[in-house]
Amino acid sequence: AKLLVLHGPNLNLLGAREPEIYGRETLADINNGLAQRAQAAGHELAWYQSNAEHELIGRIHQARDEQIAFILINPGALTHTSVALRDALAAVAIPFIEVHMSNVHAREPFRHHSYLSDLAVGVICGFGSDSYRLALDAAVAKVEPKPA
Ligand code: DQA
């Protein structure tokens, strides 16, 4: 199946950005690791990062035309602000997992609310770059039909 990983604002700075919170791995390291892992499981993984809400929304719309089976999304700060991103995910009705590297619930109160979580298949947070890997494994388990 085709999977898509989306990264929101400031995630292009991974590796350099607040490494005590987000670790030293770059976004390219993470994406390459995920693509390899997806391929080993017999799936195809595309990725996209943008700092702009409208571009992420456009990419979500495009995902429907591309028959993307599953989305992993780290919406960054848009998690806590964006009704528009929520509506885009609801509109395309592609199942998704919300991913955060940090444990947002252990941070500032404004990070405790997400506009996406109740629409998500699940939410993974707090495991650094492993959050993405765990989400990928969960997505693969969902898209692979279990033998009857
Ligand atoms: C984040 C958590 C958000 O609160 C923050 O705005 C980010 C990254 C994470 O991966 O832990 O940009 O989504």
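The buried residues of helix α4 are covered by elements that include α3 and β4, where covering rests on contact, meaning C-beta atoms, placed from the backbone, within 7 Å of each other. Helices (H or I, at least four residues) and strands (E, at least two) are taken as DSSP runs and numbered from the N terminus. This is a predicted model, in which local features need pLDDT of at least 70 and side-chain atom pairs count only at pLDDT 80 or more, while totals for chains, interfaces and linings use all residues. Residues are numbered from 1 along each chain as its sequence is written.

Let us stay with α4 for a moment. Its buried residues include Leu-85, Ala-88 and Leu-89; a residue is called buried if 20 or more other C-beta atoms, placed from the backbone, lie within 10 Å of its own, exposed if 12 or fewer, and partly exposed in between. Viewed down the helix axis, the buried residues of α4 fall within an arc of 95°, so they line one face; the arc is that of the directions from the helix axis to the C-beta atoms. An α-helix has 3.6 residues a turn, so residues three or four places apart point the same way. On the face of α4 turned away from the buried side you will find the exposed residues Val-83, Ala-90 and Ala-91.

Just after α4 comes Ala-93, with a positive phi near 55°. Ala-93 sits in the loop between α4 and β4 and counts as exposed, because it has 9 C-beta neighbours inside 10 Å. Glu-18 also has a positive phi, of about 35°, although it is not a glycine. Its place is the loop between β1 and α1, and with 11 other C-beta atoms within 10 Å Glu-18 is exposed.

Now to the interior. The largest nonpolar core has 33 residues, and those that touch the most other members are Leu-3, Ile-71, Leu-72, Tyr-132 and Ala-135. Such a core is a set of buried Ala, Val, Leu, Ile, Met, Phe, Trp, Tyr and Cys residues joined through C-beta atoms within 7 Å. Two or more residues each come from β1 (2–7), α2 (27–40), α3 (53–65), β3 (70–74), α4 (83–92), β4, β5 and α5 (130–143). Ala-135 shows some of these links: leaving aside residues up to four places away in sequence, it touches Leu-72, Ile-97, Val-99 and Ile-124. In soluble globular proteins, nonpolar side chains tend to be buried together.

Next, the ligand. Around it stand Asn-10, Asn-74, Gly-76, Ala-77, Thr-79, His-100, Met-101, Ser-102, Val-104 and Arg-111, each with its C-beta atom, placed from the backbone, within 6 Å of the molecule. This shell divides into three nonpolar, six polar and one charged.

Which residues does the unreviewed UniProt entry annotate as "active site"? They are Tyr-22 and His-100, and although spread over 79 residues of sequence, they cluster in space, with a largest C-alpha distance of 9.5 Å. Tyr-22 lies in helix α1 (residues 19–22) and is partly exposed, because 19 other C-beta atoms lie within 10 Å. Beyond residues up to four places away in sequence, Tyr-22 touches Leu-14, Arg-17, Met-101 and Ser-102. His-100 belongs to strand β4 (residues 96–100) and is buried, with 24 C-beta neighbours inside 10 Å. With the same sequence neighbours left out, His-100 touches Asn-74, Cys-125 and Ser-131.

The unreviewed UniProt entry also lists Asn-74, His-80, Asp-87, Met-101, Ser-102 and Arg-111 under "binding site". These span 38 residues in sequence, and the farthest two C-alpha atoms are 24.3 Å apart, so they do not all gather at one spot. Asn-74, in strand β3, is buried, with 26 C-beta neighbours inside 10 Å. Ser-102 lies in the loop between β4 and β5 and is partly exposed, with 17 other C-beta atoms within 10 Å. Apart from residues up to four places away in sequence, Ser-102 touches Ile-21, Tyr-22, Arg-107, Cys-125 and Gly-126.

The loop between β4 and β5 (122–125) also holds Tyr-115, whose contacts, not counting residues up to four places away in sequence, are Thr-79, Ser-82, Val-83, Leu-85 and Arg-86. Tyr-115 and Gly-126 are eleven residues apart in sequence and 18 Å apart in space, C-alpha to C-alpha.

Notes: Nonpolar A, V, L, I, M, F, W, Y, C, P; charged D, E, K, R; others polar. UniProt positions renumbered as here; feature names shortened; annotations may be inferred. Contact = placed C-beta atoms within 7 Å.
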